[in-house]
Protein chains: 4
Amino acid sequence: MSGRDLSLPAGGFDALYGLELLEVTDELVRAQVAVRDEVKQPFGLVHGGVLTSVAEALASLGTAVVVMPAGMAAMGLSNNTSFIRPISEGTIHARAVRRHRGRTSWIWDVEITDDAGRLCALARMTIAVRPRAAG
Amino acid sequence: MSGRDLSLPAGGFDALYGLELLEVTDELVRAQVAVRDEVKQPFGLVHGGVLTSVAEALASLGTAVVVMPAGMAAMGLSNNTSFIRPISEGTIHARAVRRHRGRTSWIWDVEITDDAGRLCALARMTIAVRPRAAG
Amino acid sequence: MSGRDLSLPAGGFDALYGLELLEVTDELVRAQVAVRDEVKQPFGLVHGGVLTSVAEALASLGTAVVVMPAGMAAMGLSNNTSFIRPISEGTIHARAVRRHRGRTSWIWDVEITDDAGRLCALARMTIAVRPRAAG
Amino acid sequence: MSGRDLSLPAGGFDALYGLELLEVTDELVRAQVAVRDEVKQPFGLVHGGVLTSVAEALASLGTAVVVMPAGMAAMGLSNNTSFIRPISEGTIHARAVRRHRGRTSWIWDVEITDDAGRLCALARMTIAVRPRAAG
């Protein structure tokens, strides 16, 4: 555990789909989402958008940990997610590892696994680091 | 309009974040999402995951229109989204255009714009077409 | 035609694999490559790397047209290419269209077609625009 | 070393830009390219297309090791490369690690580093595995 406050702001999108943060540092972020009907697509599988959303959230939060105290903003620049195996029950496990920390962008790799530890999705996130005012 | 039933199944993820379908054909899918607090990230902007989710939904639905009646399933294989301009209010407008219709995969380009018509995100979706039983 | 000098510097990579520029503006770049053994992989098809290289070249050149005279450099930030249909003979036709012109990055869509006009690859290029000194 | 014959077919694209294979297995492929003028773009840096080509080659070869003896073909389905740091001299070092081995597609992560061991590019390759006849 990172010692940080891992509660999410109430009322936002991450709370809506049920993101639960487990660890947030500028090198590693871990989280999970409980599978339930409201994260599924019409055919009973977890909606791919939930997996891309988790990747987005983890990479952004892990970058914000460092850049926000420095007066900068962290914003997603690209989200490239490959879907490998569908998830239909249990818990979605996500683990984001930083691969690059640049002056203007950070890159994270996010792995999504199921309860059996099988790889279900891989995401590569590029997060832009910008002056707060510039949006 | 396509003449199809454009209502989404209640209780799933697309309904959760508020996807409203406007047109669904196997070549063009249009939809919108009303911006409200529950689709935002902590800094007041629309969460990138909402945009990737919309792209996922539109490309999957547009493919399912054809492949489901043929006994096949449509599943996201990859979602590559580039974020161009943040959205903080109004309506998210999404338009998916099919670029390739293959035997085992379809490719869609999805444009996300804001109320002023400005380009906010571009997604390239690859949707796998598989026998229903093979999952 | 753009009226620009469309000759490539001798001795570089684009000349090595045989890029021929047909049109270079900051909104549209067109080029072609003659298929021959030295652009193929071991199984007789055009090497995917040739297609990604063409996409990279066109997007970079189209951006450089504007940013270089302004004292900035254009450098590839990401290259996302989807391969749709193999090419084994004739000419590789490439057409890059600008989708976004931002202060720090431009986005281009590149279409690769064969002699029959069939879509063979789609690339989305993000080109970073940086001060020359910063590399 | 893998014990395999690591020579490339003469006359093809990989030989043209100078790929030297160091290790080829179905889980790990390593290779290098000597930096020289003919792999550079007009501004003296290694052309991004060389890095995407190396990624393409390594992932394809690592997949072919297994699927070709089984009568299948390995073909690039997508190449997603992020450029992190330019290379201008020395040797391009590439290392591809398999992340997923599916029935119809494999996924590889490719890291490109410079002589100082610094991360210069990250590629995620999806390789389709298809019956030989189906092209």
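How many of the 13 residues of strand β6 (residues 119-131) of chain A are buried? Ten are, so β6(A) is largely enclosed by the rest of the structure. Keep in mind that this is a predicted model.

**Around β6 of chain A**

Let's stay with that strand for a moment, since it has partners to look at. Strand β3 (residues 72-83) of chain A pairs with β6(A) in the antiparallel sense, over eleven bridges. If you want a spot to click on, A:Gly76 has A:Ile127 as its bridge partner in β6(A). Strand β5 (residues 105-113) of chain A also pairs with β6(A), again antiparallel, through nine bridges. There, A:Glu111 is matched with A:Leu122. β5(A) and β6(A) make a hairpin with five residues between them, and A:Gly117 in the turn has a positive phi of about 80°.

Now go to the start of the chain. β1 (residues 19-24) and β2 (residues 28-34) of chain A form a hairpin too, with three residues between the strands. They pair in the antiparallel sense over five bridges, and A:Leu21 stands opposite A:Ala31 in β2(A). β2(A) is also joined to strand β4 (residues 91-101) of chain A by seven bridges, running antiparallel. In that pairing A:Ala34 has A:Thr91 as its partner in β4(A).

Here are the chain A pairings side by side:

| Strand pair | Sense | Bridges | Example of partners |
|---|---|---|---|
| β3(A) and β6(A) | antiparallel | eleven | A:Gly76 and A:Ile127 |
| β5(A) and β6(A) | antiparallel | nine | A:Glu111 and A:Leu122 |
| β2(A) and β4(A) | antiparallel | seven | A:Ala34 and A:Thr91 |
| β1(A) and β2(A) | antiparallel | five | A:Leu21 and A:Ala31 |

As background, strands of a sheet pair through backbone hydrogen bonds, either parallel or antiparallel.

**A sheet across chains C and D**

Over in chains C and D, an open sheet of twelve strands runs in the order β1(C)-β2(C)-β4(C)-β5(C)-β6(C)-β3(C)-β3(D)-β6(D)-β5(D)-β4(D)-β2(D)-β1(D), with antiparallel pairing. At the edges stand β1 (19-24) of chain C and β1 (19-24) of chain D; each has a single partner strand, so one side of each is left without a neighbour in the sheet. From one strand to the next, the twist averages 25°. Within chain D, eleven bridges join β3 (residues 72-83) to β6 (residues 119-131), which run antiparallel, and D:Asn79 has D:Met125 as its bridge partner in β6(D).

Helix α2 (residues 48-67) of chain C lies across β1, β2, β3, β4, β5 and β6 of chain C together with β3 of chain D, running at about 150° to β3(C). Its counterpart in chain D, also residues 48-67, lies across β3 of chain C together with β1 to β6 of chain D, at about 150° to β3(D). How does the length of α2(D) work out? At 1.5 Å a residue, its 20 residues should span 28 Å, and the end C-alpha atoms are 29 Å apart, which agrees. Of those 20 residues 17 are buried, so α2(D) is largely enclosed by the rest of the structure.

**The core, and a buried loop residue**

Which residues have the most contacts inside the largest nonpolar core? They are A:Val54, B:Val54, C:Val54 and D:Val54, and that core has 178 residues. Beyond its neighbours within four places in sequence, A:Val54 is in contact with A:Leu19, A:Ala31, A:Val33, A:Ile92, A:Ala94 and A:Ile112. In soluble globular proteins, nonpolar side chains tend to be buried together.

C:Ile87 is a loop residue, placed between β3 and β4 of chain C. Is C:Ile87 buried or exposed? With 25 C-beta neighbours inside 10 Å, and 20 being enough, C:Ile87 counts as buried. Leaving out residues up to four places away in sequence, C:Ile87 touches C:Val35, C:Leu45, C:Val46, C:Ile92, C:Asp114 and C:Cys120. C:Arg99 is twelve residues from C:Ile87 in sequence, and their C-alpha atoms are 26 Å apart.

**How A and B meet**

Chain B can be laid on chain A with an RMSD of 0.0 Å by a turn of 180° and a shift of 0.0 Å along the axis. The two copies are thus related as by a two-fold rotation axis. In chain B, the C-alpha nearest that axis belongs to B:Asn80, 2.1 Å away.

At the interface, 34 residues of chain B are in contact with 34 residues of chain A. On chain B's side, α1 (13-17), α2 (48-67) and β3 (72-83) each supply at least two residues. β3(B) gives the most, with ten residues. Since 100% of the interface residues of chain B are also interface residues in chain A, the copies meet through the same surface.

Methods:
Residues numbered from 1 in each chain as written. Chains lettered and ligands numbered in written order. Predicted model: local features only at pLDDT ≥ 70, side-chain atom pairs only at ≥ 80, totals over all residues. Least-squares fit on C-alpha atoms with pLDDT ≥ 70 in both. Contact = placed C-beta atoms within 7 Å. Pairing = 2+ DSSP bridges. Helix = DSSP H or I, 4+ residues; strand = E, 2+ residues; numbered from the N terminus. Axes fitted to C-alpha atoms, helices over the stretch in contact; angles between N-to-C directions. Expected span 1.5 Å × (residues − 1). Buried ≥ 20, exposed ≤ 12 C-beta atoms within 10 Å, placed from the backbone. Core = buried A, V, L, I, M, F, W, Y, C linked by C-beta atoms within 7 Å.
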